[in-house]
Protein chains: 2
Amino acid sequence: MHPNRIEIQSFFENLQDQICEALEVEDGVGKFEEDLWQRPGGGGGRTRIIQGRIIEKGGVNFSAVSGALPENIAKALQLEQDSDFFASGVSIVLHPFNPHVPIIHMNVRYFEITKPDTDEVTTWWFGGGIDLTPHYVIREEAAFFHQELKKVCDQSHEDFYPKFKKWADDYFFLKHRNETRGVGGIFFDRLNESSGLSKAELFQFVKNTGEAFAPIYRHFMKNKHHLPYTDVEKNWQYHRRGRYVEFNLVWDRGTKFGLDTNGRTESILMSLPPTAKWTYEFQVEENSPEAYTLQHLKKGIDW
Amino acid sequence: MHPNRIEIQSFFENLQDQICEALEVEDGVGKFEEDLWQRPGGGGGRTRIIQGRIIEKGGVNFSAVSGALPENIAKALQLEQDSDFFASGVSIVLHPFNPHVPIIHMNVRYFEITKPDTDEVTTWWFGGGIDLTPHYVIREEAAFFHQELKKVCDQSHEDFYPKFKKWADDYFFLKHRNETRGVGGIFFDRLNESSGLSKAELFQFVKNTGEAFAPIYRHFMKNKHHLPYTDVEKNWQYHRRGRYVEFNLVWDRGTKFGLDTNGRTESILMSLPPTAKWTYEFQVEENSPEAYTLQHLKKGIDW
């Protein structure tokens, strides 16, 4: 059945290269440093970290892991035990210096289960998403971001954007703060032939999603990184990063899953910001851009 | 059955007062600010926050909540549903400015279940602990801390210190880092008559634990806050605080429980540090005090 894992893995490897190159060009100074790692049970990855001029701390990770399906993963995913698994993907989080440049996250991934010692794929799916976390919400920028994602989705299926937009609103949500992580984006999981699309068509959708990332983020880097900012704005950024930490450590299923299953901690937690702050009962000025931002960290906004 | 919830709650309220006063005296500048809050289902609390001269950010919380036992709590604690509950305690986390002063945490609490609309207590227990998280481990200081806790434990039962010391090592552990949060201390939970001690005797133990807190921490404040420190040491402190965030948000059952059950978020997350940093693959110098610290973040050290 095509595409097979080799083609998919190969796409993800190239995607990592292509995104790293694009980000280096736009940053102008930072260069990615690479750590290769191997998973004791099979497979491994390439963790790439940048500390640049526009991006203060960013990670672009590729991994392809395989082997006997660990028992706890089989349980968590409600899959038959005594299977072999293969999982590959690219995962990105970028924290910029300038509070007027948003934080961005992307993940695209493929997962499959085979009968032990055979090539027979019994279960497979794609998953992923892109979401934007502006320190300062600006309606036009959020609208630009969502329009770009909608274009990608509409190429594959007219239901995808509304469905995956809602899924992102629900997923990137800090229940304990009753606030979304940012302005959302798209999120999808366990996407397979039950969607009505073939495996090849879904792979194309994942390709389109992955390839949309670099141009979208370069837009924000290019147009925002030179904006001046005040101490108040920098301090606000540190506090928004604190919320980002809260989401990733308390609610993000990927992080939790990685830490629970002895994933490579430094690769998983590359998503955490360089500096974050917490102040008890942090207050914002009425009618300020900070207050505007808080008012727009809600589900269901039609940007 | 004595002591009853009224006596216990009253002790916790006084303990909060007494500790806040002692910390204000030692800090010399900071004054606690208080927020009173009520729980929609019954009860409430007094959150007190200090930003001082020695303590950069600290919280000393009292709460006493009661009402119908929420279904998710009944499940989590494996208790009969259709019960009423009462829970009261004091919870403290202090983050000092100076990296030579350790972070400290204490919690003492009482929990009981009654048959609906009666005073008949069907289940009760005490829980709590004190643990120390030095940014720089110093063997003599860790030994002092453990000796003080051992004195408290030995007054009640000779098995308590070894048992609760091990429990703290196991509990205050970052599995994903394979490192303890600090030099441990004591931790205990579901302590009731099955311990061999009466309720009155266990209450006395909890009293002794709570009352040991202020003198112990004043020792560290007094002796360490004036020590000079370098940028390297301050930066190390920020990274150790990052680990503290990781423990609290990923592994701490109290935090998780609070956030899952719609607890008061600002009171729960007062435990987070004012500023924390994360650096990918943060490295320390060989044979440095930082390396010494990492080598001593292990379970089972007999201080």
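Two strands count as paired here if DSSP finds at least two bridges between them; strands themselves are DSSP runs of E, at least two residues long, and helices are runs of H or I of at least four residues, all numbered from the N terminus. The model is a predicted one, with local features needing pLDDT of at least 70 and side-chain atom pairs counting only at pLDDT 80 or more, while totals for chains, interfaces and linings use all residues. Residues are numbered from 1 along each chain as its sequence is written, and chains are lettered from A, ligands numbered from 1, in the order in which they are written.

By that yardstick, β10(A) and β10(B) (residues 275-277) pair up across the two chains: they run antiparallel and are joined by 3 bridges. One of the partnerships puts A:A276 opposite B:A276.

As for the wider interface, 22 residues of chain A are in contact with 22 residues of chain B (contact means C-beta atoms, placed from the backbone, within 7 Å). On chain A's side, α6 (231-251), α8 (265-268) and β10 (275-277) each chip in at least two residues, and α6(A) gives the most, with 4. Sorted by class, this side of chain A has 13 nonpolar, 4 polar and 5 charged residues; Ala, Val, Leu, Ile, Met, Phe, Trp, Tyr, Cys and Pro count as nonpolar, Asp, Glu, Lys and Arg as charged, and the others, Gly among them, as polar.

Chain B also holds an open, antiparallel sheet of 7 strands, ordered β1-β2-β3-β4-β5-β6-β9. At its edges sit β1 (33-38) and β9 (184-191), each pairing on one side only. Within the sheet, β3 (residues 55-68) and β4 (residues 84-96) of chain B pair over 13 bridges, and B:G58 has B:L94 in β4(B) as its bridge partner.

Definitions and conventions:
Contact = placed C-beta atoms within 7 Å.
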